[in-house]
Amino acid sequence: MEHGSHSDQSKSTFSLADEDHTFANSIRFTLNQDPRVTFCGYSIPHPSDNRVNIRVQTTGDPAREVLKDACQDMMLICQHVRGTFDKAVSDFKKSNTMESDDSE
């Protein structure tokens, strides 16, 4: 859910259900890397509530679009991390297989 002014779309607060610090801090970091962002922060209204509020203020671009771009950037980062991890696991398994073959 988005809370913000209809006249100034460069400032909005987004309320996301079923999220916690893991997502909120990651998206906050990603948003703060964007030069269009002048402020980004998040809060969790109550510890027992699975909800996070993310505040985004931009230099003029719609906050909704900037948040969407940050989510896409975060997806690419996650894909890269996953690919790097999978390759490292595969390389590790191959090196252990070779060591086992050498010891026989």
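Tutor: Before we start, one definition: a residue is buried when its relative accessible area is under 20%, exposed when that area is over 50%, and partly exposed in between. Also keep in mind that this is a predicted model.

Student: Okay, what share of the 104 residues in the protein chain is buried?
Tutor: Take the under 20% cut-off and apply it to each residue. Of the 104 residues in the protein chain, the buried ones make up 23%.

Student: Which strand has the lowest confidence, and which the highest?
Tutor: Overall, the chain averages a pLDDT of 92, and 92% of the residues score at least 70. Where pLDDT is low, the predicted coordinates should not be read in detail. The lowest mean, 74, belongs to strand β1 (residues 2–4), and the highest, 97, to strand β3 (residues 37–43).

Student: In what pattern do the helices and strands follow each other along the sequence?
Tutor: There are two helices and four strands to place. Reading along the sequence, you get β-β-α-β-β-α.

Student: What radius of gyration does the chain have, set against a compact globule of 104 residues?
Tutor: Look at the C-alpha trace first: along its principal axes it spans about 75 × 35 × 15 Å. A compact globule with 104 residues would come out near 13 Å, whereas this chain has a radius of gyration of 20 Å.

Student: How much of the exposed area do carbon and sulfur atoms supply?
Tutor: Start from the total, with the protein chain exposing about 7,300 Å². The part of that supplied by carbon and sulfur atoms is 54%.

Student: Which element gives the most residues to the largest nonpolar core?
Tutor: That core has 15 residues, and Ile 27, Leu 31, Ile 54 and Val 56 have the most contacts inside it. Two or more residues come from each of α1, β3, β4 and α2 (63–103). The top contributor, with five residues, is α2.

Student: Ile 54 is on that list, so which residues does Ile 54 touch, not counting residues up to four places away in sequence?
Tutor: Ile 54 is one of the residues with the most contacts inside the core, as are Ile 27 and Leu 31. Ile 27 and Leu 31 turn up again among its neighbours. With that sequence filter on, Ile 54 touches Ser 12, Thr 13, Phe 14, Leu 16, Phe 23, Ile 27, Leu 31, Cys 40, Gly 41 and Tyr 42.

Student: Phe 23 touches Ile 54, then; what is the C-alpha separation of Phe 23 and Met 74?
Tutor: Phe 23 sits in helix α1. Beyond four places in sequence, Phe 23 touches Leu 16, Ile 54, Cys 71 and Met 74. Phe 23 and Met 74 are 51 residues apart along the chain, and their C-alpha atoms are separated by 9.8 Å.

Student: With which side chain does the side chain of Thr 13 make a polar contact?
Tutor: Thr 13 is in strand β2. Leaving out residues up to four places away, Thr 13 touches Met 1, Glu 2, His 3, Asn 53, Ile 54 and Arg 55. The polar contact, at 3.1 Å, is with the side chain of Arg 55.

Student: Is Thr 58 buried or exposed?
Tutor: Thr 58 lies in strand β4 (residues 51–58), and its side chain reaches the backbone oxygen of Asp 61 at 2.4 Å. Apart from neighbours within four places in sequence, its contacts are Ser 10, Arg 36, Val 37, Thr 38, Ala 63 and Val 66. Its relative accessible area is 8%, so Thr 58 counts as buried.

Student: And Asp 18, is that buried or exposed?
Tutor: Asp 18 is found in the loop between β2 (11–17) and α1 (21–32). Most residues other than glycine have a negative phi, but Asp 18 has a positive phi of about 60°. Its relative accessible area is 61%, so Asp 18 is exposed.

Student: Last one: how far apart in space are Ala 88 and Ser 43?
Tutor: Ala 88 lies in helix α2 and counts as partly exposed at 44% relative accessibility. Gln 72, also in helix α2, is partly exposed at 42%, and its C-alpha atom is separated from that of Lys 94 by 33 Å. Ala 88 and Ser 43 are 45 residues apart in sequence, and their C-alpha to C-alpha distance is 36 Å.

Conventions:
Residues numbered from 1 in each chain as written. Predicted model: local features only at pLDDT ≥ 70, side-chain atom pairs only at ≥ 80, totals over all residues. Heavy atoms only, no water. Buried < 20%, exposed > 50% of the residue type's maximum accessible area, 1.4 Å probe, protein only. Polar contact = N/O pair within 3.5 Å; in protein donor to acceptor, adjacent residues only side chain to side chain. Contact = heavy atoms within 4.5 Å. pLDDT = per-residue confidence, 0-100. Rg over C-alpha atoms; globule rule 2.2 N^0.38 Å. Areas by Shrake-Rupley, 256 points an atom, 1.4 Å probe, with all protein chains shown as cover. Core = buried A, V, L, I, M, F, W, Y, C linked by side-chain atoms within 4.5 Å.
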